[in-house]
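Trainee: Could you take one small part of this predicted model and walk me through it slowly? I'd like to see how that part fits in with the rest.

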Amino acid sequence: MKFKKVVLDLFFPPKCPFCGKITKGHTVCPVCWKTLPWTEGTEVVRKLSADVVCAAPLWYEDAARAGLLRYKFDGGVAAADALGELAARCAAEEFSGEFDTVTWVPVGPKRLKKRGYDQTRLVAEAACRLWETDAAQLLRKPLDNPPQSRLKDAAARRANVLGVYEALPGAEGKHILLVDDIITSGATLLECARTLMDAGAASVRCVTLAAVRSDGRDGNRKNGAE
């Protein structure tokens with residue numbers, strides 16, 4: 001596998017997921033690292049309920065938004081390793097020792113067929129490779145509901161995801177890190193966390209790559225969030 005990766009890097013050199021410049025490894029380039037819209041301090045972790053919190057290293061705006069949209073909709077699967085590193089770093093800093101299992105928010109069958117890949121699964125698996133472990137598929141989404149990005153009302157978002165996820169075996173007694181790409185209202189993450197805890201999970205912590213600001217200051221907000 002390492003030899004295969006070396007060969008692939010030779011013919012398809014790794015690039016920064018945000019500016020597209022060739023990098024020395026599967027990571028964010030130094031320029032983007034300095035200029036990306038990072039969350040800071042108390043902004044990093046958002047409380048979604050009494051039992052569920054979510055950490056995100058970036059705000060969903062500017063170069064971060066553009067890079068994540070390319071990854072999500074334009075077949076940018078090569079960015080998964082770099083994005084997985086961001087998720088892993090954030091989770092390790094905010095939730096060290098608080099999880100023993102990593103899973104992801106799955107996409108529905110129609111979206112998976114159309115896109116050809118589950119973008120969040122790739123991020124979770126890339127993060128786990130850094131920790132020398134494997135991500136576990138603990139959720140499935142048998143049906144395709146309307147995209148959350150089309151719904152602006154929080155109550156409509158909650159109703160849209162209610163009951164659309166199913167737990168798979170393996171959650172019981174686990175302290176789970178749940179990975180997603182973007183958080184807007186948190187409705188999707190809360191529904192997934194509820195499903196996992198109903199299946200016996202001991203706790204659920206969430207990490208996403210980026211967060212939409214809850215104070216309405218995100219002037220870039222449109223398609224693609226959650």
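Mentor: Let's start with arginine 194 and aspartate 198, whose side chains meet in a salt bridge, with N and O 2.6 Å apart. Both residues sit in helix H8, four residues apart, so about one helical turn separates them. Arginine 194 is partly exposed, at 36% relative accessibility, while aspartate 198 is exposed, with a relative accessible area of 58%. The pair also has company: salt bridges with shared partners join Glu191, Arg194 and Asp198 into one network.

Now look at the helix itself. H8 covers residues 187-198, which makes twelve residues, and spans 16 Å from its first C-alpha to its last, close to the 16 Å expected at 1.5 Å a residue. Its buried residues are Ala187, Thr188, Leu189, Glu191, Cys192, Ala193, Thr195 and Leu196. Notice Glu191 in that list: Glu191 is buried, and Glu191 also belongs to the salt-bridge network. Just after H8 comes glycine 200, with a positive phi of about 105 degrees.

How many salt bridges does the structure hold? The count is nine. One of them, in helix H6 (residues 119-130), makes a nice partner for the H8 example: arginine 121 and glutamate 125 are four residues apart there, so about one helical turn lies between them. Their side chains meet at 2.9 Å, N to O. Arginine 121 is partly exposed at 32% relative accessibility, and glutamate 125 is partly exposed at 25%.

Another salt bridge has a different setting. Aspartate 181 pairs with lysine 72, and their closest N and O atoms are 3.3 Å apart. This pair links distant parts of the chain: aspartate 181 is in strand E7 (residues 175-183) and lysine 72 is in helix H3, with their positions 109 residues apart. Are these two buried or exposed? Both aspartate 181 and lysine 72 are buried.

Follow lysine 72 back into its helix. H3 covers residues 62-73, and leucine 68 has its place there. With a relative accessible area of 3%, leucine 68 counts as buried, because the cut-off for that is under 20%. Setting aside residues up to four places away in sequence, leucine 68 touches Tyr60, Leu83, Ile182, Leu209 and Ala210. Its C-alpha is separated by 9.1 Å from that of alanine 79, eleven residues apart along the chain.

One of those contacts, Leu83, leads us to the largest nonpolar core. That core has 35 residues, and those with the most contacts inside it are Phe18, Leu83 and Val179. Strand E2 (53-55), H3, helix H4 (80-95), E4, H6, E7 and strand E8 (203-211) each supply at least two of its residues. The largest share, seven residues, comes from H4. Phenylalanine 18 reaches many partners beyond four places in sequence, including Val28, Cys32, Leu36, Leu58, Leu83 and Leu86. There is also a second, separate core of 24 residues, which includes Val52, Ile176, Ile183 and Ala211.

Ile176 turns up again beside threonine 101, which lies in strand E4 (residues 101-104). Threonine 101 is buried, with a relative accessible area of 10%. Leaving out residues up to four places away in sequence, threonine 101 touches Ala136, Leu138, Lys174, His175, Ile176 and Leu177.

What about the cysteines? The structure holds zero disulfides. To count as one, two cysteine sulfurs must be within 2.5 Å. The sulfur of cysteine 16 has its closest cysteine sulfur 3.7 Å away, in cysteine 32, so that is too far for a bond. The sulfur of cysteine 19 has its closest one in cysteine 29, at 3.6 Å, which is also too far. Cysteine 16 is buried, with a relative accessible area of 3%, whereas cysteine 19 is partly exposed at 37%.

Finally, a word on the predictor's confidence. The mean pLDDT of the chain is 87, and 85% of its residues reach 70 or more. Over residues 1-11, pLDDT stays under 50, and the model has five contacts beyond four places in sequence for that stretch. Residues 218-224 also stay under 50, with 23 such contacts.

Conventions:
Residues are numbered from 1 along each chain as its sequence is written. This is a predicted model: local features need pLDDT of at least 70, side-chain atom pairs count only at pLDDT 80 or more; totals for chains, interfaces and linings use all residues. Side-chain values use heavy atoms; hydrogens and water are left out. Buried means under 20% relative accessible area, exposed over 50%, partly exposed in between (1.4 Å probe, protein chains only). Contact means heavy atoms within 4.5 Å. The expected span of a helix is 1.5 Å times one less than its number of residues. pLDDT is the predictor's confidence in each residue, from 0 to 100. A salt bridge is a side-chain nitrogen of Lys or Arg within 4 Å of a carboxyl oxygen of Asp or Glu. A nonpolar core is a set of buried Ala, Val, Leu, Ile, Met, Phe, Trp, Tyr and Cys residues joined through side-chain atoms within 4.5 Å.
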